[in-house]
Amino acid sequence: MPYAHITGWGVSVPQSVLTNDDIAKMVETNDEWIRSRTGIRERRIAAEDQFTSTLAVDAAIKALQVADLAPSELDLIIVTSSSPEYIFPATACLVQDQIGATKAGAFDLLAACTGFIFAVNMAAQSIRSGSIKNALIIGSETLSRFVNWKDRGTCILFGDGAGAFVLQASDVPGGVLSSVMHSDGSGADALTLLGGGARYPASEITVAEGKHFVQMDGKAVFRFATRVMGAATREALDLAHMTVEEIDWIIPHQANYRIIETAAKYLKAPIEKFIINVDRYGNTSTASIPIAAVEAVESGKLKGGNKVVFVGFGAGLTWGALVAEWTGPILQTKKKYSPPTQYRFFAYRFIARVRSWLLRAVRHIERILSRHEL
Ligand code: UT7
């Protein structure tokens, strides 16, 4: 049975920084309150011309470059997002088109902030079953578009960004070792975005009622998160027959420093074992775990051979954890001469654009011809 290795990673965060002091100009709050209650100092906000797919594509290309894998070699793309570009088509299909992943099946997975854990697990299981070889998983958010900037209980928390992993099959043991996924819909009303779906189709009334904004019972989510983070970590470790002591790093969903601190106490693990960057990005939902992971790689903390736990929770309610042995791009086989990576990926994107344009042109011509046939 092949193993599912994480062989590529990439992030994309918008340039624009929104500090706590900036938010204090919009609602009654202050830097001290936000930092002491959440650990957040600042977050990134997408520019007007940046969408969930824009950030996703950027992170995806970087991940494919690290894995040295051409988009055409992908079998599967899963985008997980709490702020998808549309209800449909899936953001994953927009990414598939823009990177030119000609033979990949692409779909979105909705499990709120736990989405990245669920999506990596789904891809890993597909690889383990032998049905696919190469998968691209992206968590991408432009949640700032769904935040009520007049609600101080939520607007201080969220930020925009994307992170991506490439998963590849190999006979070498390692990669994703175990995972657990949980849900409890009885807590569905604790964290919601109700407007625009089939129950509350967008209307003047839904807009007036603010149903197109994130709504949250912060205390309920906090209580739930502190209950499940440590327990899910332990469950996934038990499945992998490992202990917390054997783990090099824990990469949690970055929602609130205090939640991470509580998990550390529950697990009797030093806080230094946790990768934490909530101070600089806030809660980027599905993107928070891969963004933290990539920062850990780039800062030299997370290295090949390290054992790592990813653990998350979110709306639904959902929660889950995954244990992996970090691989790195060791699966690269020596290819015959090929141009430097950045040129190749520039060419891939250019070809993807031309291909997409040609396919649209063909569809347009077909539309005209079919009108004449009628
Ligand atoms: O991906 C999952 C996403 N969600 C989460 O992880 C959220 C989990 N929950 C939390 O992180 C915390 O519940 C919050 C940070 C959202 C809120 O912290 P809290 O300690 O639970 O505050 P609270 O809601 O109990 O409010 C305490 C007080 C209230 O005032 P009164 O009623 O005691 O006078 C709030 O009105 O703080 C007030 N408050 C604020 N004050 C200044 C609430 N938000 C703010 C604010 N600035 N931004």
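I started with E8 and counted its bridges to strand E13 (residues 318–325): there are 8, and the two strands run antiparallel. Note to self: this is a predicted model. To pin the register down, I looked for the partner of Ser 183 and found Thr 318 in E13.

Next I asked which sheet this pair sits in. It is an open sheet of 4 strands, ordered E8-E13-E12-E11, and the pairing is mixed. I checked the edges: strand E8 (175–183) and strand E11 (249–252) hold those places, each pairing on one side only. Going from one strand to the next, I get an average twist of 15 degrees.

Then I moved on to E7. What does strand E1 (residues 3–12) do with E7? I find 9 bridges joining E1 to E7, and they run antiparallel. For a marker residue on this pairing I took Ala 4, which stands opposite Ala 169 in E7.

I also looked at strand E6 (residues 134–141), which is joined to E7 by 8 bridges, again as an antiparallel pair. The marker here is Ile 138, whose bridge partner in E7 is Ala 164.

So E7 has E1 and E6 as antiparallel partners. Last lookup: why do I call strand E7 (residues 161–170) largely enclosed by the rest of the structure? I went through its burial, where a residue counts as buried if 20 or more other C-beta atoms lie within 10 Å of its own. By that count 9 of the 10 residues of E7 are buried, so the strand is largely enclosed by the rest of the structure.

Notes. Residues numbered from 1 in each chain as written. Predicted model: local features only at pLDDT ≥ 70, side-chain atom pairs only at ≥ 80, totals over all residues. Buried ≥ 20, exposed ≤ 12 C-beta atoms within 10 Å, placed from the backbone. Pairing = 2+ DSSP bridges. Axes fitted to C-alpha atoms, helices over the stretch in contact; angles between N-to-C directions.
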